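I opened my notebook to follow a few spots in this structure, one entry at a time. Come along and look with me.

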Amino acid sequence: MKLMKIMARFRNIKPSFVFRLLQLKNCTITTEEKFLETWWRLVREDRMILTLRESYNIYHYLTATLPLGGAIAELGVYKGGGAKLISEFKAERPLHLFDTFQGMPTVDRKVDQHHEGDFADTSLGKVQEYLREYTNCFFHKGFFPDSAGDLPENTEFCFVHLDADIYESTLSGLKYFYPRLQTGGVIISHDYYSQTCPGVKRAFDEYFRDTPEEFIHLWDTQCMVKKRE
Ligand SMILES: C[S@@+](CC[C@H](N)C(=O)[O-])C[C@H]1O[C@@H](n2cnc3c(N)ncnc32)[C@H](O)[C@@H]1O
């Protein structure tokens, strides 16, 4: 987050410098021009709070799972940085975006470090305007999972980005999306390894405790689970 802010301040910084800084000089990521161009543009727009590696993970698994068919979702949209990244690569696929668009709901202070009302400096109108050029983006404003009530029960998803930061919301996200994930579909969650979001790890560990599913830690803070048969 701090690195993003510093980079956003130095708007003329060269991508090759960033690759050196992040030790990515010889990695495949440096050849993904459309992804890099998009990510860089979002950083300059000051909306992107995901790191380069986290954004690449989303791009990679989103594009890998599109052929499975089904919808895409993001729980935790805030100002729309991640949603715009997804929109750039989702083609015409429906993207369901869930947020209060007025800040964090009630948190469990025994687990979560965030406070009710954090991330309130956004609005549905601003995010809709930010994503206006993309088709098939559906906004579900309100408390999740109640806000999913307007979706047909049998909606299936190929890719889901969870970025809700807190325990109850992440657990609700897993309970709602995992059973509706296509076989081979992927859920990526932000903040599994964030020091400021211990509730995310708690929710994943709890949800998958008694299942054979394995979720994988992805650098920088994410984890990912792929639905088996
Ligand atoms: C870290 S922000 C999301 C960042 C966003 N993915 C991005 O790329 O900029 C977390 C968001 O989760 C939302 N959120 C958390 N729990 C929620 C719930 N149960 N229902 C709706 N929104 C929720 C908050 O309102 C906040 O906007």
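Before I start on arginine 228, a word on naming: helices and strands are DSSP runs, numbered from the N terminus, with at least four residues for a helix and at least two for a strand. I also note that this is a predicted model.

**Entry 1: arginine 228.** I found arginine 228 in the segment after β7, the strand of residues 222–226. Is arginine 228 buried or exposed? I looked up its surroundings: 10 other C-beta atoms lie within 10 Å, and a residue counts as exposed at 12 or fewer, so arginine 228 is exposed. I then checked its distance to glycine 185, which is 43 residues away along the chain. The C-alpha atoms of the two are separated by 8.4 Å.

**Entry 2: around the ligand.** How many residues surround the ligand? I have 22 written down, and the closest are Gly76, Gly82, Phe144, Asp163 and Ser169. The elements that give two or more residues to this shell are α5 and β2 (95–99). By class, I noted 12 nonpolar, six polar and four charged residues in the shell.

**Entry 3: α5 and its helix partners.** As α5 turned up at the ligand, I looked at the helices it meets. The axes of α3 (residues 33–44) and α5 (residues 81–89) come within 10 Å and cross at roughly 155°. An angle over 145 degrees counts as roughly antiparallel, so that is how α3 and α5 run relative to each other. Their crossing is right-handed. On the α3 side I listed Thr38, Trp39 and Leu42, and they meet Gly81, Lys84, Leu85 and Glu88 of α5. This contact has three nonpolar, two polar and two charged residues.

Next I took α4 (residues 52–65), whose axis also comes within 10 Å of that of α5, with a crossing of roughly 35°. The crossing of α4 and α5 is right-handed. Here Ser55, Ile58, Tyr59, Leu62 and Thr63 of α4 make the contact with Gly82, Leu85, Ile86 and Phe89 of α5. I counted up the classes for this one as six nonpolar, three polar and no charged residues. Leu85 is on my list for α3, and again on my list for α4. Gly82, from the α4 contact, is one of the closest residues to the ligand.

**Entry 4: helix α7.** Which residues of α7 (residues 167–177) are buried? My list reads Tyr167, Ser169, Thr170, Ser172, Gly173, Leu174 and Phe177. What covers them includes β1 (71–75), β4 (157–162), β5 (181–189) and α8 (198–207). Ser169 I had met already, among the closest residues to the ligand.

**Entry 5: cis peptide bonds.** I noted a cis bond from phenylalanine 144 to proline 145, with omega near 15°. Proline 145 sits in the loop between β3 (137–141) and β4. Another cis bond runs from tryptophan 219 to aspartate 220, with omega near 20°. Aspartate 220 is in the loop between β6 (215–218) and β7.

**Entry 6: positive phi.** Asparagine 136, in the loop between α6 (124–130) and β3, has a positive phi near 60°. It has 14 other C-beta atoms within 10 Å and is partly exposed. Aspartate 191, in the loop between β5 and α8, has a positive phi near 75°. Is aspartate 191 buried or exposed? I read 24 C-beta neighbours inside 10 Å, and 20 or more is the mark for buried, so aspartate 191 is buried.

Key: Residues numbered from 1 in each chain as written. Predicted model: local features only at pLDDT ≥ 70, side-chain atom pairs only at ≥ 80, totals over all residues. Axes fitted to C-alpha atoms, helices over the stretch in contact; angles between N-to-C directions. Parallel < 35°, antiparallel > 145°, perpendicular 65-115°, else oblique. Left-handed = near helix turned anticlockwise from the far one by under 90°. Contact = placed C-beta atoms within 7 Å. Nonpolar A, V, L, I, M, F, W, Y, C, P; charged D, E, K, R; others polar. Near = placed C-beta within 6 Å.
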